[in-house]
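New to this one? Take a look at the sequence and the fold below, and then we'll walk through some spots worth finding on your screen.

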Amino acid sequence: MIATVSTVKDTLANVQRFVRGNLAGGVDHMVVFLDGPDPEVEAWLASQEHVTHLVADDAWWGGKRPADLNNRQRMHANIAKAVLTVVPGVDWLFHVDADEICQIDRAAIDAVPPSYDAVRLAPLEAVSRKHWDGSPTWFKKLLDEPDLKLLEVLGVIEKPANGHLFHGHVEGKTATRPRLDRWLTIHRTVDEKRDEVPHFTAPGLTVLHYESYSGEDFVRKWSAMLAAGPEISLRPVRERTKAAVQALIGKPLTPELREQYLTRIFEATTEDDFDTLRELGLLVEADPTQGTHTPQLLETRDQLAEALAALADQPKDAFGVCKPAGPVQEVLSHLGAGDGKKSWWRKNGRS
């Protein structure tokens, strides 16, 4: 059983693409923390049998909502991981964003040796174009040095590095077996010393990343990111874009003029040379709507939903990366996980 965990704030159409694509691409169940109320998205998620969702509003955080989006993401990932150590049924939990769609060859992941506690999905990033007719179907892959130097000489990228070809992350995304001594970060699985544990990789284990794939999506995404909190963790190469967007948003412009300048920033910093990349054979064609995976039903879905809901009045700090397992076990014991005597745990058949 393959599950994902995500912290999401997006349009209904994008959330639908996200859910449908992941389920067709090899995922069985999705845990979605909505980063604030959205009745339309909530209603649709509630109708999906392969999704467990929770609204991470002020009540959920008990007045202590982390200002940093990345901190909220990490905490949610490790809350889901901890609950799945006591709610059975999930073998691997991937931490992905709402603009990412897993492409998981189930034969490849079934072949992961027992000695591995983590799996990595290699990134494929959507080509950034001013306009797409529908969702993107062409993706950039990580390149070796000769191709990167070729693109530098041709003026396609500034430096011969994948970090200049990709606008988002180049690390990919990770999964862990549900264990209290393993933690999910944004891109890694780490141990109690915060050291990265060995990750299993194989062909057929990738993640499609819809990072600012169009001018319109660039405007939407950067506006949402800057509204999500005062701090955003970005690669150094993207700090220039962030600074420009922040300066622009702070100016007294009409919405129409602001959008025009955001589009110019997109053209200067993000738009890809699609024709050159495709002609040189450096792109991968992929359409997640053509995925053929049939998700397996998580039989413990009700228990998972109730366990997450029961954590609403519990402190969340214990679930931070590399925090000691003892306090987490104590929080779980409030659900009855520790001694089997609590009503929630007895009701759900655990002992």
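What follows is a short tour of some strands, a helix pair and a few loop residues.

Keep in mind that this is a predicted model. A good place to begin is strand β1 (residues 2–8), which pairs with β2 in the parallel sense and also runs parallel to β4. From there, the bullets move to other strands, then to the helices and loops.

**Strands β1 and β2**

- Six bridges hold the parallel pairing of β1 with β2.
- To find the pairing on screen, look for valine 5, whose bridge partner in β2 is valine 31.
- Strand β2 covers residues 29–34, and six of its six residues are buried, so the rest of the structure largely encloses it.
- Both faces of β2 are covered. His29, Val31 and Phe33 sit on one side, while Met30, Val32 and Leu34 sit on the other.
- That back-and-forth pattern fits a general habit: in a regular strand, side chains alternate between the two faces of the sheet.

**Strand β4 and its partners**

- Strand β4 (residues 92–95) is joined to β1 by four bridges, and the two run parallel.
- Valine 5 turns up again here, with histidine 95 as its bridge partner in β4.
- Which way do the side chains of β4 point? Trp92 and Phe94 go one way and Leu93 and His95 go the other, and all are buried.
- With β8, β4 runs antiparallel, and two bridges join them.
- Phenylalanine 94 in that pairing has alanine 175 of β8 as its bridge partner.

**Strands β8 and β6**

- Strand β8 spans residues 173–176, with Lys173 and Ala175 pointing one way and Thr174 and Thr176 the other. All of these are buried, the lysine included.
- Strand β6 (residues 118–126) runs antiparallel to β8, and four bridges connect them.
- Across that pairing, leucine 121 stands opposite lysine 173.
- Proline 123 has its place in β6 too. Is proline 123 buried or exposed? With a relative accessibility of 4%, proline 123 counts as buried, since the cut-off is under 20%.
- Not counting residues up to four places away in sequence, proline 123 touches Lys140, Leu142, Phe166, His169, Val170, Glu171, Gly172 and Val207.
- One of those contacts reaches a long way along the chain: proline 123 and valine 207 are 84 residues apart in sequence, yet 5.1 Å apart in space, C-alpha to C-alpha.

**Helices α1 and α2**

- Helix α1 (residues 12–24) packs with helix α2 (residues 39–46) at an angle of about 25°, and their axes are 10 Å apart. That makes α1 roughly parallel to α2, because angles under 35 degrees count that way.
- The crossing of α1 and α2 is right-handed.
- Who meets whom? On the α1 side there are Leu12, Val15, Gln16, Val19 and Arg20, and on the α2 side Glu40, Val41, Trp44 and Leu45.
- The residues of this contact divide into six nonpolar, one polar and two charged.

**Loop residues with a positive phi**

- As background, most residues other than glycine have a negative phi.
- Serine 212 has a phi near 45°, which is positive in a residue other than glycine. Serine 212 lies in the loop between β12 (205–209) and α8 (215–228), and is buried with a relative accessible area of 0%.
- Cysteine 322 also has a positive phi, near 70°. Look for cysteine 322 in the loop between α12 and α13, where it is buried at 19% relative accessible area.

**Around glutamine 314 and histidine 334**

- Glutamine 314 lies in the loop between α12 (301–310) and α13 (325–333).
- Glutamine 314 is buried, with a relative accessible area of 15%.
- Leaving aside neighbours within four places in sequence, glutamine 314 is in contact with Val331 and His334.
- Histidine 334 is in the loop between α13 and α14 (343–347), and counts as partly exposed at 41% relative accessibility.
- Histidine 334 and alanine 310 are 24 residues apart in sequence and 8.8 Å apart in space, C-alpha to C-alpha.

Conventions: Residues numbered from 1 in each chain as written. Predicted model: local features only at pLDDT ≥ 70, side-chain atom pairs only at ≥ 80, totals over all residues. Heavy atoms only, no water. Axes fitted to C-alpha atoms, helices over the stretch in contact; angles between N-to-C directions. Parallel < 35°, antiparallel > 145°, perpendicular 65-115°, else oblique. Left-handed = near helix turned anticlockwise from the far one by under 90°. Contact = heavy atoms within 4.5 Å. Nonpolar A, V, L, I, M, F, W, Y, C, P; charged D, E, K, R; others polar. Buried < 20%, exposed > 50% of the residue type's maximum accessible area, 1.4 Å probe, protein only. Pairing = 2+ DSSP bridges.
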